[in-house]
Amino acid sequence: MKITAVKTFIMHVPVTRNGVSDSTHNLTHWGAPGVIIETDAGITGYGYSGTHAHLPSDRLITQCIETCFADLIMGRNPLEVTALWREMERFPPVQWVGRGGISHLALGAIDVALWDIKSKASNMPLWQEMGGKARKIRAYNTDGGWLNWSLETLVDDCRRLVEKDGYTGVKIKVGSPSLSTDIKRLEAVRKAIGPDVTLAVDANGLMDLPTAMRFGKYLADADVMWFEEPLWYDDVISHKRLAESISTPIALGEQLYLPHNFATFFDAGALHYAQPDVARLGGITPWIQVADMALNYGLPVVSHVGDMMQTHIHTAIGHPSNNMLEYIPWLRECFTDPATVEDGYFLVPQQPGAGTTLRDDALDRFGVA
Ligand SMILES: O=C(NO)[C@H](O)[C@H](O)[C@H](O)CO
Ligand SMILES: [Mg+2]
């Protein structure tokens with residue numbers, strides 16, 4: 001099989017109530033800069049990364065695909081996924097300008113598209129291509145917990161997700177201007193959802209170490225399952241100190257671009273829930289490396305969903321380190337096989353491929369130049 005065409009796209013899709021915030025970001029749309037790879041076998045692969053729909057930087061990602069990586073893979077056999085990933089990841093001119101960031105968001109889109117082709121060529125869903133078997137993955141919902149929600153909306157949304165929609169886990173954003181506000185919101189949500197529902201909090205990297213340490217007591221009292229991205233993303237030492245001073249487990253990974261970054265955090269004992277994201281790490285190929293590492297440290301993987309679950313529901317089923325996955329519904333109308341939750345668990349995808357095949361109308365509806 002040979003690659004015959006590499007075409008890029010950018011989609012910007014509206015988020016819930018047309019605007020969500022966490023401690024660090026405000027966004028009206030989710031960005032999906034991606035790639036469509038055609039082959040001489042008539043099999044087409046789709047892959048994309050996840051951004052905050054900032055068009056100039058989205059264009060840097062698609063330009064990196066078009067001008068830096070496309071020539072490396074044109075005419076090549078797409079089934080040689082790990083070899084092609086290695087060549088692109090260690091392509092000297094690109095490696096020189098950035099191991100991580102834009103080059104890895106671009107690489108991730110391509111690698112996912114190649115795994116999409118590989119799975120379609122085997123006529124299998126990716127989770128089966130990875131050697132997995134059909135199994136239930138529990139969902140937790142982030143979409144009711146945004147920091148710009150009023151206290152009333154936050155409590156109503158989280159209660160509805162549990163009582164009406166059947167979720168057994170929710171996550172809320174923290175990192176308000178004052179810790180007392182975070183504590184009030186945390187306690188109100190725990191009261192509304194009851195003691196048995198999984199509750200996680202996510203600071204998106206905002207807090208300093210003493211504030212996060214102070215918050216630890218309240219997290220324990222509210223039986224919070226994990227404290228996500230409490231501190232600045234690259235600060236291994238402080239995460240290690242925090243992990244040693246509070247009882248609530250630390251979760252992070254959505255901002256880590258390299259398997260080596262995870263190795264450093266694992267080795268330091270600075271995280272407990274690993275959240276690798278194929279859309280940020282450079283694809284499924286390095287995601288498997290990180291998930292294998294986590295397994296051997298006895299640490300669970302609960303991926304961040306920069307892809308809005310389409311590929312991560314496959315990798316979660318396909319890798320034994322995963323039993324749970326984030327759910328955010330924003331991109332469901334873009335795909336032929338949208339990730340779906342019923343009674344708190346993800347349905348097992350049946351279509352061959354990596355879950356990334358676009359509906360015919362997706363680019364007309366959400367495509368931006
Ligand atoms: O942290 C997250 N999930 O765990 C969310 O992806 C971010 O909050 C969104 O990208 C909005 O910035
Ligand atoms: Mg997060």
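The exercises below work through the fold, the salt bridges, the aromatic contacts and two backbone angles of a predicted model.

Residues are numbered from 1 along each chain as its sequence is written, while chains are lettered from A and ligands numbered from 1 in the order in which they are written. Because the model is predicted, local features need pLDDT of at least 70 and side-chain atom pairs count only at pLDDT 80 or more, whereas totals for chains, interfaces and linings use all residues; side-chain values use heavy atoms, with hydrogens and water left out.

**Exercise 1. Describe the overall fold of the protein chain.**

Step 1. Begin with secondary structure, where helices (H or I, at least four residues) and strands (E, at least two) are DSSP runs numbered from the N terminus. The protein chain has 14 helices and 14 strands.

Step 2. Turn to the radius of gyration, which is taken over C-alpha atoms and compared with a globule rule of 2.2 Å times the number of residues to the power 0.38. The value is 20 Å, close to the 21 Å that the rule gives for 369 residues, so the protein chain is as compact as a globular protein of that length. Along the principal axes, its C-alpha atoms fill a box of roughly 60 × 40 × 40 Å.

Step 3. Consider burial, for which buried means under 20% relative accessible area, exposed means over 50%, and partly exposed lies in between (1.4 Å probe, protein chains only). Of the 369 residues, 59% are buried.

Step 4. Finish with contacts, defined as heavy atoms within 4.5 Å. Among contacts between residues at least 6 apart in sequence, 71% join residues at least 24 apart.

**Exercise 2. Locate three salt bridges within helices, and state how accessible their partners are.**

Step 1. Apply the criterion, a side-chain nitrogen of Lys or Arg within 4 Å of a carboxyl oxygen of Asp or Glu. The structure holds 18 such salt bridges.

Step 2. In helix 6 (residues 151–163), arginine 159 and aspartate 156 are three residues apart, about one turn of the helix, and their closest N and O atoms are 3.6 Å apart. Arginine 159 is partly exposed at 31% relative accessible area, as is aspartate 156 at 39%.

Step 3. In helix 8 (residues 209–221), lysine 217 and aspartate 221 are four residues apart, about one helical turn, and their salt bridge has an N to O distance of 2.7 Å. Lysine 217 is partly exposed at 49%, whereas aspartate 221 is exposed at 57%.

Step 4. In helix 9 (residues 236–245), glutamate 244 and lysine 240 are four residues apart, about one turn, with a salt bridge of 2.7 Å, N to O. Glutamate 244 is exposed at 58%, while lysine 240 is partly exposed at 30%.

Step 5. Add the network of salt bridges that links Arg17, Asp157, Arg160, Lys164 and Asp165.

**Exercise 3. Which parts of the sequence do the aromatic pairs of tyrosine 140 and tryptophan 146 tie together?**

Step 1. Rings of Phe, Tyr and Trp (its six-membered ring) pair if their centres lie within 6.5 Å, and planes under 30 degrees apart count as stacked, over 60 as edge-to-face and the rest as tilted. There are eleven aromatic pairs in the structure.

Step 2. Tyrosine 140 and tryptophan 226 form an edge-to-face pair, with 5.2 Å between centres and 85° between planes. Tyrosine 140 lies in strand 6 (residues 137–141) and tryptophan 226 in the loop between helix 8 and strand 9 (227–228), so the pair ties together parts that are 86 residues apart in sequence. Both residues are buried.

Step 3. Tryptophan 146 and tryptophan 330 form a stacked pair, at 5.5 Å centre to centre and 25° between the planes. Tryptophan 146 lies in the loop between strand 6 and helix 6, and tryptophan 330 in the loop between strand 12 (324–327) and strand 13 (341–342), so this pair ties together parts that are 184 residues apart in sequence. Tryptophan 146 is buried at 4%, and tryptophan 330 is buried at 8%.

Step 4. Ring pairs also link Trp30, Trp146 and Trp330 into a cluster.

**Exercise 4. Compare the settings of asparagine 123 and glutamate 229, each with a positive phi.**

Step 1. Asparagine 123 has phi near 60° and lies in the loop between helix 4 (102–121) and helix 5 (126–129). At 59% relative accessibility, asparagine 123 is exposed.

Step 2. Glutamate 229 has phi near 40° and lies in the loop between strand 9 and helix 9. At 2% relative accessible area, glutamate 229 is buried.
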